[in-house]
Amino acid sequence: MVPSVKWSPAKTANEAVEIKERRVARLKRSNRWVWLGLVPFLLMVLMFQFIPIVSMLTGSLKPAEGAGISFGFYERILKSAYYLQAIKNSLLISAASSAIGIAVGLVCAYAVTRFPFKTRDRLLMLSNMTSNFAGVPLAFAYIILLGSNGVFTLLFKQWGLDIFGGFDLYSWSGLVLVYVYFQVPLALLLLYPSFYGIRDQWREAASLLGASRWQFWATIGVPVLSPAVFGTLGILFANAMGAYATAYALVGGNYNLLAVRIGSLVSGDVVNQPQLGNALAIILALSTLLAVFLNHLMTKRSQLLHTASPAKPVRRSRRMPVPRSVGAKEEL
Amino acid sequence: MSVYLELQGIRKRFGHTSVLDDVNLQIREGELVTLLGPSGCGKSTLLRCIAGLADLDGGQILLERRDIAPLPPRSREIGMVFQSYALFPNLTVGENVEYGMKMRGVAKADRRRRSEELLAVVELTDKRDAYPQHLSGGQQQRVALARSLAVRPKVLLLDEPLSALDAQIRKNLRAEIRAIQQRFNMTTIFVTHDQEEALTLSDRVCLMNKGRIVQEGTPEQIYTRPRTEFVARFMGSYNVLTRPEALKLFDGLEGSADSFAIRPESVVLLSGSAQPLPADKRIVEGTICAVSLLGSIIRYAIDAAGVRLTIDALNDGRSLPLAERSPVLLALDESQLLHLEKEGA
Amino acid sequence: MESGIKRAGIAHRLLMLLLMIYLLLPLLATCIYAFAQEWQTTVLPERWTLEWFGEMFRDLRFLESLWTSLYLCLISVAISLIVMLPAVFVITVYLPKWESFMKGLVVLPYAVPGVVAAVGLIRAYSSGPLEIAGTAYILIGAYFVVVLPYMYQGIRNSLLTVSAGPLLAAAELLGASRTRAFASVILPNIWPGVLVSSLLSFSVLFGEFVLTNMLVGGQIQTIQVYLYHRVGESGHLASAIAITYFVFILLLSALLMKLGQKMNGGLKG
């Protein structure tokens, strides 16, 4: 059906109305098609994304028995040393692993931009590849390496250095170490584009004006990068807070982590207090949402800094995006 | 005036190609010299070498008789304005202008005074606290200029500073730059591919091609007396003729030149037979092939004795433009015929 | 500063080398473990063997879990494709105002981590009208949400790269109906990009643990769940499984890269 528009002028008022009605009808028909395409999608998103969240929210606000709104579960959590410990542990481990991850990732991102594009892409690909290993295999690999009979533990003992003797893989520091393994590639991937935003001409202008390398980075480079860095920090933090597989495989229930606690409360061998798990999950989600929101704010600011240039005809890159890391996120 | 900046035997290679080939240039203090040429002729590379942003493979750069080639950019006391402005996005306009002084440890009060002085010169005093992103292209370029001048450089380099701007802004800014340059008596090198810019701005023009300076002189000299065919073609709509073609229009030619040039505006068109024919000019018959109106000029494409010529006539409203296919008489002045040298002579 | 700016010095190369070693070490360790007869107290294994791989391939549960993973992931990706293709198309071409809302979807895996999603799903579907908790259905639904960002971005980028809007308009002006235009003009052009996102989504789902374990862990065993159980029982066997799984994903990613390159080459014309 050709969407034709007849330009012959309406001969009578009736004809004019008729033409209008036909146009409206055609529009309605095409709109119907539009909505048809969307319905299954909206349905799925509703069923498997929104309803669970709403259900969680309402569930956590219910009292243990009966109806009405009550913050009882939240109260219990905030009064319980045990759960507060879990929250604290998770926050600390996420903060530490994110900080280390971003520091290492930043330096590596700077280094990676110095290579020609092909080499850079290969390095990034390698880095992304290894993130497929995250989760259960990763935990196990670290047990092999740094467990009580781990390769490095034994090696260093042979050499007389007992540093890994005192090191406990199944403790706070062990977890941070293992978390860093998947934080660094993520930081690298998210940060390296920002270095291309540091224009060569800024460096040249700065050097002509008398700035040394360090002065340039201190006064221009780092300030321009910081929104991206803070934004990535947010993502890293959310990533660590939500990490489950690695922690579960490494320490199981032996170390008090929020994500693992939630898991055991809601669906373990002994399912005892799902409502509590609900509330804890909401608390976890709050922390990750906050972190992601921080990332959103920082991204906007970063874009602001990078629009200071004359409108050069940007060669519309017709490349398909290199498939984002197969599982750059720690786990899903 | 003695020589302020001298380039001696500048050489630069990029792999196997020679980007700059034995460039020699002498610039006096306070002069504005333009490096003009097509893309890839090496003019920007030469500028970057002078600034220290690119290495030389041979030659010396003498600033006040001191060779600055071994010095890093920050020690050369040279300022540069880029085509893309290169303003620091995280600093305000004022902070951008003060940047150089800050790096050199100038006291805050002095910095403030100097930046205000310069912002007044470029007429952007009210934008001191704005960020570069909120300024127009022309304004950003003026800030870039103020920033470079704030540290009192010995030489100012401008790398196609107007190319990214609209035509009207370009014309205004061009005049401003020239005014500021003269006011500060700043030795300046200006790079552009636009010959009109070069002619209006400069004290001297250096036309470059393939890494060499092909001709150098005042705008007047370069425009009215191009030495080679390349220069003639670059500097306007010169008619370039081969020897046989020139012989068709003129009887007997001296010298051994193989190509000749004649300016479109130096040929007079006579229409009717009523006019007394000028005695000192050579008269040739021709036919008008095409007419185009370029505003103040009417451009005719004329076929005279088998030679295709472009002739410009002033559109002063006194005479109507001649029609296509009408016969016309051309009054050629042999003194206006330029004998061109071969390239690389 | 030609010599300063864009070249990788020794320090940078060294750094990258260290990074690569750091990242590959766990892989290497697992690989060695998979081929080791015994590896208790020595730095390197005393004896090497292939028996673990043999045992793995003979293990019925392994083969079952592999099959389960395969068909669950395939079904999920297929459903996702069928649902998302028209939806993303409609949004990208006809409802650009929704784009900002959809942008939030991209960070979904971080904002709502697997654990949280699992909790919500269990609560919503353990009782009430739709009691699908513990079945494959809820898993497929959960998987749909998991790959949503990847499919969305992939399809959207494909559509933008081929300029779907103007293309569609041109087709309609030439007389095609909307559906015909979509099928004959849009679909063939975006197919390579869509294929890449599908493969990517497949890999992502293949490695998924959280949701699977929490939602159906007891009843349905995907390869990751199976791996987890085996780690406790026999480390060597688990290593063999891990390595096999990793090699599989590696091959898949290599396929992805090749396809991606082929597409870029094709579109450059």
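Me: Into which domains is chain C divided?
Reply: This is a predicted model, in which local features need pLDDT of at least 70, side-chain atom pairs count only at pLDDT 80 or more, and totals for chains, interfaces and linings use all residues. Residues are numbered from 1 along each chain as its sequence is written, with chains lettered from A and ligands numbered from 1 in the order in which they are written. By an automatic or database domain assignment, chain C comprises domain 1 (1–49) and domain 2 (51–268).

Me: Which helix gives the most to the side of domain 1 of chain C that touches domain 2 of chain C?
Reply: Contact requires C-beta atoms, placed from the backbone, within 7 Å; 7 residues of domain 1 of chain C meet 9 residues of domain 2 of chain C in this way. Helices are DSSP runs (H or I, at least four residues), numbered from the N terminus. With 5 residues, the greatest contributor on the domain 1 side is helix 2 (residues 10–35) of chain C.

Me: Why is helix 2 of chain B described as oblique to helix 3 of chain B?
Reply: Axes are lines fitted to C-alpha atoms over the stretch in contact, with angles from 0 to 180 degrees between N-to-C directions. The axes of helix 2 (residues 93–103) of chain B and helix 3 (residues 108–121) of chain B come within 9 Å and cross at roughly 130°. Angles under 35 degrees count as roughly parallel, over 145 as roughly antiparallel, 65 to 115 as roughly perpendicular and the rest as oblique. The crossing angle therefore makes helix 2 of chain B, relative to helix 3 of chain B, oblique.

Technical notes: Contact = placed C-beta atoms within 7 Å. Helix = DSSP H or I, 4+ residues; strand = E, 2+ residues; numbered from the N terminus.
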